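Trainee: Please take a close look at one part for me, the interface. I would like one connected account, with the terms explained as they come up.

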Amino acid sequence: MKGSVGAVLLAGIALRLATTLVFPTLQQTLDKSVEFSTPITSFKSLREGIYLLNNDLPVYDGGVVHHSPMLLAILSIFNGSEFLVSLFYTIIDSLIALNLIHILNYFQNSINFNNPTWAIGLLYLFNPLSLLTCISRSSTIFNNLFISYSIYFALNNNLLLASIFIALASNISIYSLLLILPVSFIIPKNYSSTYSPTHSHSASIDSNKKKISNNNNANKISKLNCSRLRFAIFALLSFTLLIAISFIINNSNWNFIYATFWMDLSSSKNFPNLGLWWYFFIEMFDSFIPFYKTVFNLFIVSIVLTISIRFNSSQPFYSLILSIGWITLTKPYPTLGDISFFIGLIPFFKPLFGYLKYPVISSLLFLHAILLSPIFYHIWIDVGSGNSNFFYAINLVYALSVALIITEFCWAMLRCEYDKGSPNYKAKVAQI
Amino acid sequence: MTRFEILVSANDENSLDDEVSLLLEDSTNAGSFGEETHVSIDIPQNQDLTDESHSSIEIEDEPIEIHDDNIVQESHEAKEDEEAKHAREERKQAQLKLMEQESQSYHEELQLQPLMNNHIRAGFVFQMTSNEFNFNDKSEFEYIHHGSIFPKSMRHILQETKSHALHLRFQRGKWDAEKWGALPDNGYYIGGSGAELWSSVEASDKNSAYGQWKILANSLSGMFCASLDALDSTHTIFPKYSFIENDFANNNFRSPVFNEQHDLFLLHGSLPNEPVCTENLTPLLKLLPTRGKVGLSSILDGHRVFDNPWHNLALDLNTICDDITKKCKYTLDIHLDMVFHIPTVQARNDRPIPKPLTGENLRCDYSKPYDAFQCFPLPDENSITYVLSDVFGKKINGSPLISSIPSKICLKAPKETWNFFIVVNDSVYGTDSNCFDLSDDNADKDQDFYIQSDNTDLIATEKSPISITRSLSDDNNVRTVFKNTNDYPLEILHLESVPWFMKLYLSTLTIQISNSSPKSLRNEDSLERTVNFTSIYYSPAIDRKTSNHLEYKLTIPQMSTVIISYSFDKSLLQFAEYPPDANHGFEIDSSIVTILSPMNYYVRSNTLLLLLSTPDFSMPYNVIILTSTVMCLIFGTLYNFLVKRMVPLKYADIYNKRDSPIAKLKTCMRKFI
């Protein structure tokens, strides 16, 4: 078991390093493509930041660098060595795969995963999207790593580390801060409890415990709330601490807040990407821009909150995955790196696959969108034979396809909840 | 001896560069036509007296009175010499007297320089000096007498905006440095394509300096009918080394601050897209005391000045102060330079309505196949003859009476092959130095200038010390090529201002050197040392606020080419930020190259045309509607999933009916009854 995990990770590392060696210019090509790189995640601007840092030039005064000061400080250690940097990114990607395997190991008993657990790592590592993201050296990968660690530690009831990692993720991409709520819901109530994503352990445990003593129940619930609250407070505190550290690293200058977090929240860089924001705000009339930016941000928050609260007691882990997917869909500068992490988490939905209504249509729609988007971008920007509407249209298709995947799983979760643990795929159910 | 002193004083006062002072030296030897002896007596003495008044400033009023007496004496002498000219002289002396009192001066000059391929450069210089004022005395600074020479509007602008120096350039066309050689006057007066403005402003801090600069740009915009009001913060930079280092050398930056707590700030802005036309020339001519009616400015006609391959208008205002006497004065220099292609001008004169030449007028190469249908044209003729009024379409109208120095016209060409004569009433005169002083005695006469050459290839042009080419490549790279063809290294200063929508990656900056001399440089260390890439100043752009500002020093080794390139990313703009002709592209400011050693030379690169991808401008409502629809679709579906109840399908209708508001109302009613 251990040996095969190692083999999978080694294979992933070898594949990444080999690709980098065989196609040395692939990194630059991907860094220029809008699917893998945005102004706030691109490696080119990261390198520019390191260059400015090393030459004592103002890093955040201009409009080029939008990476966190800590990331710049860490990557400046490599001193421009191409091989070390690609090795670093490769190792990070394999750590994500390792975390996925660990998380699946945790759920091994409840998720009826027919294949060995290392298969999820294999799926992630050999997913072309995550491979290309790793090679493009997008900073999204750090966000994914920290989220995966946070999930892992939260499941293992390690509140402190889970909160630190969610804060680190938020430091890379501010929207990860929203994941504090769904992550806090996956923290197990009891050390000894086993955890199932499909039906809440709290229900089963509570029913078990009910037999023993009814009086303890209130006590349990307050304890549970306490650990969630503690996690949220820890996360916010460590986020503040990280900002303070960044402040010190950045020569006691606050200007990085504007260049990193505010840039992401306000989406003031008009740059084509896969998201819904950019074309909308290019075409929007000046006076309405602040209003719609608020609306778009509320749009992200609203569904993360409602999904987490709705499935809080029944399927908190799945609601976390859906929240990650939702943020990917609605954030201002999404890349395929974000969606590749979401895809890497989809095998966890294995018990629900039977409930999916149109899996073929949604996956084909997604493939269609990601294949056509580079082509439409090319005919708009490079060839000039098509205009921006082509790329915009494929943006909408992409958004619909990701939304279709999310709604499919949301429906599957509702059905699963309705069936109360005994799947009945034939039952016809409606909502009123 | 006296003549030598004129030169010195002219140099001190107006900070003329070497070339102009050389011209002055020429003029002292020049045999001026007409009342040559008389005029040449007048000038040095008046000028000497001005010098005296400079040195003995403590007793201000007395020397001036003495001058007056002297001048009156002079005019009496003139009366004895030439009685017919008496009235005219009286008028002139009255003008000069007024100028003496106010220590103002005016001078104008035209330099003609034949260039390769039958081109000719005409360079007009108009110089004005204001009367002196005391910079420590606030009241005197505020109140300045009505000037008869120095334009009041300019004085007003300088004082309102507290600017000490102001340089305005309008330029269009391409100076062909390979054929035409070095730019006139070391290129100091030649701006980049479009409009360019730089100014040193006295202010307490950067922000208030920018505020004053904005007022300055707006006022100049109205004054010169140019879009200078568009010089907002995205077009304005504060040069770190350029202009400053050399202007200190030229004493242009010497003026002290009037308020001790203030500092001088240098601001620079350019509009590469600005069209330059007659509406910019007319206000410039209006600034002259002659108003373009008499003197050299009378031949300037907008149709001719702008109908040529290259033209440049320059306006330079400086505050010159004397540290000892604490007296200041303003100088205003206007330089108009233009290049004409003589065969084109002549063809236009011959055939105002363009139509093809008739067969017999074609110049054919008979050594090649030639018949009624074939003609291989010959190159332009080597010999050429024309008069100045052919080029400008007008004749010079007299000489400005207001000036103490006569207007001068010079031809800068080898004497052996070029003839330059003045034609007055069909009689022809020439001088050794190819320079003529315009005499107002010829005002009523028909005067013109005759230029003739048998070998137009023999010309007096200097080689351009540097050649610079800047270009954009398809893979988003800015490439600047510096070529030094001299046998000595050049130390240069390069200033680039790049708009914010080009996101520069300084980390990608590379320097390449290709050496054409046998001792080629190979290893990296020596490249670093040879190129000596130092004094780098970089201020990255802030979106919609400032532009990228990059300055550095560089040494270009002899006989070699240095290529500097860096990559950038294009940004998209918001719908309303695109200009009406968005698909034309965006013009990027020309970069400014200053040669620091071994000589001083200024040159601008070509402008760049950046094509930004555009959104579909007809789509705002469609985009708002479509995006909102998609978002509502997603939100609506998920929201329904999350808030609604799951029921078996077969009971759905029943539950629905039971739970509908009407059903509830009915049960309620039933209960009530």
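Mentor: What follows deals with the interface of chain A and chain B, and then with the confidence and a few local details.

This is a predicted model, in which local features need pLDDT of at least 70, side-chain atom pairs count only at pLDDT 80 or more, and totals for chains, interfaces and linings use all residues. Residues are numbered from 1 along each chain as its sequence is written, chains are lettered from A and ligands numbered from 1 in the order in which they are written, and side-chain values use heavy atoms, with hydrogens and water left out.

Start with the extent of the interface. In chain A, 61 residues are in contact with 52 residues of chain B, contact meaning heavy atoms within 4.5 Å. The two chains bury about 5,400 Å² between them, and 69% of this is on carbon and sulfur atoms. Buried area is the accessible area (1.4 Å probe) that two parts lose on being put together, summed over both. On the side of chain A, Glu283(A), Gln431(A) and Ile432(A) lose the most area to chain B, together 14% of what that side buries.

Next come the polar links. The rule finds two salt bridges across the interface, a salt bridge being a side-chain nitrogen of Lys or Arg within 4 Å of a carboxyl oxygen of Asp or Glu. Lys269(A) forms a salt bridge with Asp543(B), with the closest N and O atoms 2.4 Å apart. There are also 20 residue pairs in polar contact across the interface, both residues at pLDDT 80 or more. A polar contact is a pair of N or O atoms within 3.5 Å; within protein, one must be able to donate a hydrogen and the other to accept it, and residues adjacent in sequence count only if both atoms are side-chain atoms.

Several elements of chain A give two or more residues to this side, among them α3 (43-54), α15 (289-310), α18 (359-383) and β1 (429-431). Helices (H or I, at least four residues) and strands (E, at least two) are DSSP runs, numbered from the N terminus. The most comes from α19(A), with 14 residues. By class, the side of chain A that touches chain B has 39 nonpolar, twelve polar and ten charged residues. Ala, Val, Leu, Ile, Met, Phe, Trp, Tyr, Cys and Pro count as nonpolar, Asp, Glu, Lys and Arg as charged, and the others, Gly among them, as polar.

The strands also meet here. β1(A) pairs with strand β27 (residues 646-648) of chain B in the antiparallel sense, over three bridges; two strands pair if DSSP finds at least two bridges between them. Gln431(A) stands opposite Met646(B) in β27(B).

Now the confidence. pLDDT is the predictor's confidence in each residue, from 0 to 100. Its mean is 87 for chain A, where 92% of the residues reach 70 or more. Chain B averages 78, and 77% of its residues score at least 70. Among the elements of chain B, helix α3 (residues 36-55) has the lowest mean pLDDT (34) and helix α16 (residues 620-643) the highest (93). Over residues 1-80 of chain B the pLDDT is below 50, and this stretch has 94 contacts in the model beyond near neighbours in sequence. Where pLDDT is low, the predicted coordinates should not be read in detail.

Two details of chain B remain. A cis peptide bond joins Ser597(B) and Pro598(B), with omega about 5°; Pro598(B) is in the loop between β24 (592-597) and β25 (601-604) of chain B. Lys162(B), which is not a glycine, has a positive phi near 50°, and Lys162(B) is found in the loop between α7 (152-161) and β4 (163-173) of chain B. Most residues other than glycine have a negative phi, and most peptide bonds are trans.
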